[in-house]
Amino acid sequence: MECHVYYEGDDDPNKCTAKRLEKFDEATLYRSMGQVPYGVVLNPHAEQALSPADAEEGLGTLVALDCSWESAEAASFKMRGVHRALPFLVAANPINYGRPFRLTTVEALAAACCIFGDRERAEELLEPFRWGETFLTLNEEPLRRYSECADSSEVVAVQEEYLADEE
């Protein structure tokens, strides 16, 4: 699974997971949205949840946007591709540990790989981060269950169980 990131550069570069992915040759970063290749775009504003059925749509390419949560508005995601939202998952990164839906770029890419049934690729992406394995452990059950779904509607049904538990 190829990983590509539109990089806005508005976070601390020392804490930026996308920059570290680039350093370890695990992702390609772009400063121009027009350069980002077609793929499955991980977009929290998308109307449809990511499911295993989307793996074919992206032609082996995942795309993420790396920006601060404050600037992650719908307009920021004007990239070509199939836009999908990640379902309920909990962050393991030190800034947002335990917070649902507040994933770093690497957590989002790794989660998508797991949902597509490529846990090995997810582990490769997370390997440079000391909390990377924690992300997979914290989300082990939901990631497994999402990866067993046939389509987006099944993913949403599973997600609703987790959201009900959160309330």
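**Reasoning from values to labels**

Me: Why does phenylalanine 101 count as partly exposed in this predicted model?
Reply: Its relative accessibility is 37%. Buried means under 20%, and exposed means over 50%. The value of 37% lies in between, so phenylalanine 101 counts as partly exposed.

Me: What makes the phi of phenylalanine 101 worth a note?
Reply: Phi is positive there, at about 65°, although the residue is not a glycine. Phenylalanine 101 sits in the loop between strand 5 (81-84) and helix 2.

Me: Why is aspartate 25 called exposed?
Reply: Its relative accessibility is 69%. The label needs over 50%. The value passes that cut-off, so aspartate 25 counts as exposed.

Me: Where is aspartate 25, and what is its phi?
Reply: Aspartate 25 lies in the loop between helix 1 (17-23) and strand 2 (28-30). Phi is near 55°, a positive value in a residue other than glycine.

Me: How many helices and strands does the chain have, and in what order do they run?
Reply: There are six helices and five strands. From the N terminus the order is β-α-β-β-β-β-α-α-α-α-α.

Me: How do you know whether the chain is as compact as a globular protein of that length?
Reply: Set its radius of gyration against the globule rule. The chain gives 14 Å, and the rule gives 15 Å for 167 residues. The two are close, so the chain is as compact as a globular protein of that length. Along its principal axes, the C-alpha trace spans about 35 × 30 × 30 Å.

Me: What share of the contacts joins residues at least 24 apart?
Reply: The share is 68%, among contacts between residues at least 6 apart in sequence.

Me: What makes a set of residues a nonpolar core, and which members of the largest one touch the most others?
Reply: The members must be buried residues of the nonpolar kinds, joined through side-chain atoms within 4.5 Å. The largest core has 44 residues. Leu42, Leu86 and Leu109 touch the most other members. Helix 2 (residues 105-115) gives the most to this core, with nine residues. A second, separate core has eight residues, including Tyr30, Val36, Val41 and Val63. Across the chain, buried residues make up 50% of the 167.

Me: How far apart are the mean positions of the positive and negative charges?
Reply: They are 7 Å apart, for 15 positive and 32 negative charges.

Me: What area does the chain expose, and what do carbon and sulfur supply?
Reply: The exposed area is about 8400 Å². Carbon and sulfur atoms supply 44% of it.

Technical notes: Residues are numbered from 1 along each chain as its sequence is written. This is a predicted model: local features need pLDDT of at least 70, side-chain atom pairs count only at pLDDT 80 or more; totals for chains, interfaces and linings use all residues. Side-chain values use heavy atoms; hydrogens and water are left out. Helices (H or I, at least four residues) and strands (E, at least two) are DSSP runs, numbered from the N terminus. The radius of gyration is taken over C-alpha atoms; the globule rule is 2.2 Å times the number of residues to the power 0.38. Buried means under 20% relative accessible area, exposed over 50%, partly exposed in between (1.4 Å probe, protein chains only). Contact means heavy atoms within 4.5 Å. Accessible areas come from the Shrake-Rupley method with a 1.4 Å probe; for residues, only the protein chains shown count as cover. Lys and Arg count as positive and Asp and Glu as negative; His and the chain ends are not counted. The place of a charge is taken as NZ of Lys, CZ of Arg, CG of Asp or CD of Glu.
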